[in-house]
Amino acid sequence: PPSHNLEMKHLPGADPELVLLSHQYKELERIPLSDMTREEINQLVQELGFYRKETPDAPVPEEFQFAPARPLPTLPPPQAPTADSKAPPERDEGEHPDL
């Protein structure tokens, strides 16, 4: 059955693996699938929180729209630079900190 936010790509010659990506498409984790049965893979996908749709075009409930997204990690608050540390580089006002 189709799952929301799950895409399968066949790569000839490559070992099967589940690649989990963040909402910014950064790789979070790779899970090898070679030694797993179809039932085990389906169970894993369910445990990870992917929403299983009844049909490929079935609507997805709002609470599952971004599932199985994990919460963003909590970053420590920024510390003021000390005399012996280097200050972070200056950024343009409109520049995003991840760029």
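## Salt-bridge criterion and the Glu7–Lys9 pair

A salt bridge is taken here as a side-chain nitrogen of Lys or Arg within 4 Å of a carboxyl oxygen of Asp or Glu. By that criterion the side chains of Glu7 and Lys9 meet in a salt bridge, with an N to O distance of 3.8 Å, in what is a predicted model. Both partners lie in the exposed class, for which the cut-off is over 50% relative accessible area: Glu7 has a relative accessible area of 62%, and Lys9 stands at 61%.

## Overall architecture

The chain contains one helix and two strands, and, read from the N terminus, these elements follow the order β-β-α. Of the 99 residues in the chain, 14% are buried. The surface that the chain exposes amounts to about 9,200 Å², of which carbon and sulfur atoms supply 54%.

Where contacts in the chain between residues at least 6 apart in sequence are considered, 43% of them join residues that are at least 24 apart.

## The S1–S2 hairpin

Strand S1 spans residues 17–21 and pairs with strand S2, residues 27–32, in the antiparallel sense, the pairing being made over five bridges. Within this arrangement, Leu20 has Glu29 of S2 as its bridge partner. The hairpin of S1 and S2 has five residues between the strands, and in this hairpin Tyr25 adopts a positive phi near 65 degrees.

In a regular strand the side chains alternate between the two faces of the sheet. The two faces of S1 can be told apart by their cover, since Leu18 and Leu20 make up the covered face, whereas Glu17, Val19 and Leu21 belong to the uncovered one.

## A salt-bridge network across the strands

The structure holds three salt bridges, one of which is the Glu7–Lys9 pair described above. Side chains of opposite charge can pair when their charged atoms come close. Arg30 forms a salt bridge with Glu17, and the closest N and O atoms of this pair are 2.2 Å apart. This pair links distant parts of the chain, with Arg30 in strand S2 and Glu17 in strand S1, 13 residues apart.

Arg30 also takes part in a salt bridge with Glu27, for which the closest N and O atoms are 2.8 Å apart. Through salt bridges that share partners, Glu17, Glu27 and Arg30 are joined into one network. The members of this network are partly exposed: the relative accessible area is 43% for Arg30 and 38% for Glu17, while Glu27 is at 46% relative accessibility.

## A nonpolar patch on the surface

Val19, Leu21 and Tyr25 form a nonpolar patch on the surface, and together they present about 320 Å² of accessible area. Leu21 lies in strand S1 and, at 44% relative accessibility, counts as partly exposed. Val19 and Leu21 both belong to the uncovered face of S1, and Tyr25 is the residue with the positive phi in the hairpin of S1 and S2. The uncovered face of S1 thus contributes to two of the features described here, with Val19 and Leu21 on that face taking part in the nonpolar patch, and Glu17, on that face as well, forming the salt bridge with Arg30.

How values were computed. Residues numbered from 1 in each chain as written. Predicted model: local features only at pLDDT ≥ 70, side-chain atom pairs only at ≥ 80, totals over all residues. Heavy atoms only, no water. Buried < 20%, exposed > 50% of the residue type's maximum accessible area, 1.4 Å probe, protein only. Helix = DSSP H or I, 4+ residues; strand = E, 2+ residues; numbered from the N terminus. Pairing = 2+ DSSP bridges. Patch = residues over 30% accessible without salt bridge, like charges linked within 9 Å, V, L, I, M, F, W, Y side chains within 5 Å. Areas by Shrake-Rupley, 256 points an atom, 1.4 Å probe, with all protein chains shown as cover. Contact = heavy atoms within 4.5 Å.
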